[in-house]
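Subject: Handing over the structure

Hello,

I am passing this structure on to you. Please open it first, then read my notes alongside it.

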Amino acid sequence: MTAMLGPAWTLKPDTPEDTGRQPLAVETVIGTHAAGLIPGVITTTPHARYLALHARLAIEAQRRGWTDKADLGQFRALVRRAEVVLGAVSVAHGDDDHHLRAGSFGSHGVNTIRPALDRQRAVDVGHVADAYSRVPGGYLQTYAGIEAVLGLTDGGRIPLPGPAADADQLAALDEVLSVAEREKPLSMADLDALRHLCVCAIGDAPDGACVRNAYFVDPGHTDYARTHRRSAALLVGALTGEQVDAESIDMSMDRWCCFRPGLLELVGEDLHPHALVWRGALLRNWSVWAWRLIWARLVSPLSGTGTLEQAIAEFVRALPDATVREALIDGLPPVADHVGTPLPVEHDLYDDALEADDWTVLGMLRLLAVGARRLDHLDPVTRDAFVGAFSDDLGPGYVVAWLDRDADRPLADAVSDLAAALFHRAESVSRQKMQWTRYGLRLPTRLRRVGDRWRLEGREGRGAVSLRLPTFTNVMQQLGVVAHDGGTWRAGRHATEVTS
């Protein structure tokens, strides 16, 4: 078949591959919650020592008088070389306790640094600095936003040190900069001698105190510091005593904030409202995940080519012969106990999916219906967080209206109409994001029109949206706020000073 320009989701054949993101636009509420509850991390910033390193580099740029565009190349070269030194020391440091302190995220640039170590038993800093990242400023550009939030830098291209950048504490990283400017490759012996600069060693180092203060104390960002203290306190409570490999950080936080009886007595009056906001965010994320699962399954038959009608027919094929009321309203279990504590219905549905090796379409729909039912069983603080501030994001109110409207229709018919509405929504979302490029009109989507049929390029994402908890946990582990012995989580050696 010949690719044709159609009226909906399509691109000129010579445009670059465009994968599109968030086709149903249901994820914004979770991103907003994540930014509000853990403002000092994003999913790509798992290492506390890079925060300290970039603050130290900002101090160095100021000392050298690097301020304008003409200095940018020199500054970026130093950033890249310093990041390679930090990464190489961390990759080479492989003792048994390293992962207990460093966490589960690999150091930045590991895919370039490790092969160099394996081949040459040394790292040529200049050579690797040219290759480890495609971004001119290395990972500074990834971390810059949260470094500004934390007051460590101002977030600029050549950043100025912020109010939380304590020069005396950050002097612990002077050696990284001096080593970075050497021309001689770093041998394994050199790297071993620098192991105190590993990402795992920040916890008890002076620069670790600087970063902890930026998260939890900095007077210039008291609201952020208060938020981080409260979220860290909940994290410590949720993880303490949990098996490290038993389940995800999100599931542990779920059980602590959402389903633990007596939450007020458990966390105290000061922390309780923050825990309820977390409860609303965590519960809402299940509904957002349900939409992502539904969309990925709905479009999966189009990985070949097919019509939207064929995709919808396949989607509803295994649904039971029942009405919407029977399957998704009367058939649901209770979502709260006699005192209003949420019951872990989402976890039960998740366990069913694990046992079956995947979600069924009915299971995805029940996950949505559980979220809709929760609207009548949540306290005001949780409910506000659960609903969110966005009116057109397929939220629980939308699902309630759909269930009420189609309650007495056959389930397969009602879901077929819902699926058709999702295709229209995805097209509308794509059109809202379209822009002109040098190749022509860009419509971000994975769906391509092929004559009178459709083809899915790649796969749609079907994972849960991140609330940044794994990244936050990794940073807190490196800073000594949480810890584990390889088997069980516990409060870290610095937990009391930041959570009390």
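Below is what was found, taken region by region.

A word on the source: this is a predicted model.

**The core**

Start inside. The largest nonpolar core has 155 residues. Which of its members touch the most others? They are Y215, W278, W291, F423 and M476. Helix α15, residues 272-299, gives the most to this core. Its share is 16 residues.

Take W291 as a place to look around. Leaving out residues up to four places away in sequence, W291 touches L24, V26, L368, L394, Y398, V399, L418 and L422.

**Helices α2 and α3**

Next, a helix pair. Helix α2 covers residues 48-64 and helix α3 covers residues 72-92. They pack at an angle of about 145°. Their axes are 11 Å apart. The crossing of α2 past α3 is right-handed.

Which residues make the contact? From α2 come R49, Y50, L53, H54, L57, E60, A61 and R64. From α3 come F75, L78, V79, A82, E83, L86 and G87. Sorted by class, the contact has nine nonpolar, two polar and four charged residues.

H54 deserves a closer look. It lies in helix α2. Is H54 buried or exposed? Its relative accessibility is 0%, so H54 counts as buried; the cut-off for buried is under 20%. Setting aside neighbours within four places in sequence, H54 is in contact with E83, Y139, L140, Y143, E147 and T153. E83 is also one of the α3 residues in the helix contact.

**Two more histidines**

H98 lies in helix α4, residues 98-102. H98 counts as buried because its relative accessibility is 14%. Its side chain reaches the backbone oxygen of H93 at 3.4 Å. Beyond four places in sequence, H98 touches S90, H93, C198, V199 and C200. For a sense of distance, compare H98 with I146. They are 48 residues apart in sequence, and their C-alpha atoms are 25 Å apart in space.

H494 is in a loop. That loop runs between β9 (489-491) and α24 (495-499). At 13% relative accessibility, H494 counts as buried too. What do the polar contacts of its side chain look like? One joins the side chains of H494 and D204 at 2.9 Å. Another joins the side chains of H494 and E497, at 2.9 Å. Leaving out residues up to four places away in sequence, H494 touches G203, D204, R212, L479, G480 and V481. So D204 appears in that list because a contact means heavy atoms within 4.5 Å, and its polar contact with H494 is at 2.9 Å.

**Helix α18 and the loop after it**

Helix α18 spans residues 345-355. Its buried residues are V345, E346, H347, L349 and A353. What covers them? The cover includes α13 (249-257), α15 and α19. You have met α15 already, as the helix that gives the most to the largest nonpolar core.

D357 follows α18. It sits in the loop between α18 and α19, the latter being residues 361-374. Phi of D357 is near 70°, a positive value in a residue other than glycine. Buried or exposed? D357 counts as exposed, because its relative accessibility is 71%.

**A second positive phi**

R121 has a positive phi too, of about 55°. R121 is not a glycine either. Look for it in the loop between α5 (110-120) and β1 (122-123).

**Helix α1**

Finish towards the start of the chain. V29 is found in helix α1, residues 28-37. Its relative accessibility is 3%, so V29 counts as buried. Which residues is V29 in contact with, leaving aside those within four places in sequence? They are R284, V288, G388, F390 and D393. R284 and V288 fall within the residue range of α15, 272-299. V29 and S187 are 158 residues apart along the chain, and their C-alpha atoms are separated by 48 Å.

**Where to begin**

Three places make a good tour. See W291 and the residues it touches. Then go to the right-handed crossing of α2 past α3. End at H494, with its polar contacts to D204 and E497.

Best wishes

Definitions and conventions. Residues numbered from 1 in each chain as written. Predicted model: local features only at pLDDT ≥ 70, side-chain atom pairs only at ≥ 80, totals over all residues. Heavy atoms only, no water. Core = buried A, V, L, I, M, F, W, Y, C linked by side-chain atoms within 4.5 Å. Buried < 20%, exposed > 50% of the residue type's maximum accessible area, 1.4 Å probe, protein only. Helix = DSSP H or I, 4+ residues; strand = E, 2+ residues; numbered from the N terminus. Axes fitted to C-alpha atoms, helices over the stretch in contact; angles between N-to-C directions. Left-handed = near helix turned anticlockwise from the far one by under 90°. Nonpolar A, V, L, I, M, F, W, Y, C, P; charged D, E, K, R; others polar. Polar contact = N/O pair within 3.5 Å; in protein donor to acceptor, adjacent residues only side chain to side chain.
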